[in-house]
Structures are given as C-alpha cells and as structure tokens.
Amino acid sequence: MSRPTDLRFRATTAVQRRLNPLLRRLPLQTVLETRGRVSGLPRQTPVGGRRVGGSFWLVSEFGEKSQYVRNIKVDPRVRVRIRGRWHEGTAYPMPQDDPVARLRGLPRVNGLGVRALGTNLLTVRVDLDT
C-alpha cells in the first residue's frame with residue numbers, strides 16, 4: 001500500500017472509530033453485525049447499501065482490509081439491521097463484481113463517501129434468510 005493510501009486508510013478508520021458508535025445507535029441506520037474472528041463477540045458496523053429482493057448489497061471502502069470483511073471470511077453468518085429490523089443471512093465477498101458500477105445502484109450519500117475515502121473497493125452480498 002502506498003504512503004498516501006495508507007494515510008487515507010488510517011485517517012478514515014480513526015474517524016470511523018469515533019463516529020460508528022454513534023451512528024449504529026440511530027434507529028434507521030443500516031448496521032452489519034459480524035462475529036469477531038478472534039473473540040467471537042458480535043461486532044456492529046454502520047454501512048450503506050440496498051436490499052434487492054432477497055439480498056442486501058454493500059461496497060466495502062477498504063476491501064479485504066475492512067475488519068468486517070475479514071470477519072466474514074472466517075464466519076459468513078451475519079445480521080443486517082435494515083430500517084430498524086434485524087435480518088439474518090450469509091455474506092459473500094464478491095471480488096468479481098464491479099464495485100464502482102454497484103455503487104451507482106446504492107444510496108448516493110454512501111456511494112460518495114465510499115468513492116471519496118475508499119482505496120480498494122469490494123462488493124459484498126448478503127443473502128438474507130426468508
């Protein structure tokens with residue numbers, strides 16, 4: 001990772017560490033809950049994305065470096081809070097998907113942030129249980 005990319009990653013994650021505890025408390029904020037790959041404890045991350053049929057799509061701004069993506073690789077069973085309601089499902093990182101094209105179909109505010117701050121975009125699909 002280049003120095004500017006590393007600095008952007010560090011700055012963004014520092015801000016997210018302070019904002020995420022506040023954002024995930026907002027009742028309508030979409031939240032992804034994974035299991036910590038070492039601790040096994042639930043980890044909640046505010047995300048932006050969109051439900052399309054039986055799946056929820058999001059784009060990780062730091063790809064495989066994102067902690068929630070690393071957790072998904074160990075245990076793909078997740079929960080997603082959409083509009084205040086929790087849904088269980090199985091998450092799949094989708095490296096073959098075009099994340100820039102995917103962002104065009106996701107909420108604009110999130111897409112702008114992911115494009116502006118992201119360094120290695122990765123699409124994630126969550127197949128929701130019925």
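Over the ring of which residue does the charged end of R79 sit? In this predicted model, the ring belongs to W86, and the charged end of R79 lies 4.0 Å from its centre. A second case of this kind turns up elsewhere: the charged end of R102 sits over the ring of W57, 3.7 Å from the ring centre. Pairs between aromatic rings are another matter, as the structure holds zero of them.

The sheet comes next. Seven strands make up an open sheet, and reading across it gives the order β2-β1-β5-β6-β7-β4-β3, with antiparallel pairing. The edges are taken by β2 (residues 42-46) and β3 (residues 49-52); each has a single partner strand, so one side of each is left without a neighbour in the sheet. On average, neighbouring strands are turned by 30° against each other when direction is ignored. Helix α2 packs on this sheet, touching β1 (31-35), β2, β4, β5, β6 and β7, and its direction makes about 50° with that of β1.

Strand β4 is worth a closer look. On one flank, β3 runs antiparallel to β4 and is joined to it by four bridges. Within that pairing, G49 has L58 as its bridge partner, R50 is partnered by W57, and V52 stands opposite S55. The two strands form a hairpin with two residues between them, and G53 in the turn has a positive phi of about 60°. On the other flank, six bridges tie β4 to β7, again in an antiparallel arrangement; here L58 stands opposite V124. L58 thus appears in both pairings, as the partner of G49 in β3 and of V124 in β7.

How many of the six residues of β4 are buried? The count is six of six, and the strand is mostly covered. In a regular strand the side chains alternate between the two faces of the sheet. Both faces are covered in β4: S55, W57 and V59 are buried on one side, and F56, L58 and S60 are buried on the other. S55 belongs to this strand, which spans residues 55-60. Its relative accessible area is 12%, under the 20% cut-off, so S55 counts as buried. Leaving out residues up to four places away in sequence, S55 touches R50, R125, V126, D127 and L128.

Which residues have the most contacts inside the largest nonpolar core? They are L32, F56, I72, V78, V80 and V126, in a core of 15 residues. At least two core residues come from each of β4, α2 (67-74), β5 (77-82) and β7 (122-128), and β7 gives the largest share, with four. Another core lies apart from this one and has five residues, among them W57, V59, M94 and L106. W57 therefore combines two roles in the description, being a member of that five-residue core and carrying the ring under the charged end of R102. Back in the largest core, L32 is in contact with R43, Q44, T45, V47, Y68, I72, V78, R79 and V80, once its neighbours within four places in sequence are set aside.

Two loop positions round off the picture. R83 is found in the loop between β5 and β6 (85-94). Most residues other than glycine have a negative phi. R83 goes the other way, with a positive phi near 50°. Is R83 buried or exposed? Its relative accessibility is 71%, over the 50% cut-off, so R83 counts as exposed.

N120 sits in the loop between α4 (108-117) and β7. With 44% relative accessibility, N120 is partly exposed. Its contacts, not counting residues up to four places away in sequence, are S60, E61, F62 and G63; among these, S60 is one of the buried residues of β4. N120 and S66 are 54 residues apart in sequence, yet their C-alpha atoms are 9.7 Å apart in space.

Note on methods
Residues are numbered from 1 along each chain as its sequence is written. This is a predicted model: local features need pLDDT of at least 70, side-chain atom pairs count only at pLDDT 80 or more; totals for chains, interfaces and linings use all residues. Side-chain values use heavy atoms; hydrogens and water are left out. Buried means under 20% relative accessible area, exposed over 50%, partly exposed in between (1.4 Å probe, protein chains only). Contact means heavy atoms within 4.5 Å. A nonpolar core is a set of buried Ala, Val, Leu, Ile, Met, Phe, Trp, Tyr and Cys residues joined through side-chain atoms within 4.5 Å. Two strands pair if DSSP finds at least two bridges between them. Axes are lines fitted to C-alpha atoms, for helices over the stretch in contact, and angles run from 0 to 180 degrees between N-to-C directions. Rings of Phe, Tyr and Trp (its six-membered ring) pair if their centres lie within 6.5 Å; planes under 30 degrees apart count as stacked, over 60 as edge-to-face and the rest as tilted. A charge sits over a ring if NZ of Lys or CZ of Arg is within 6 Å of the ring centre and within 35 degrees of the ring normal.
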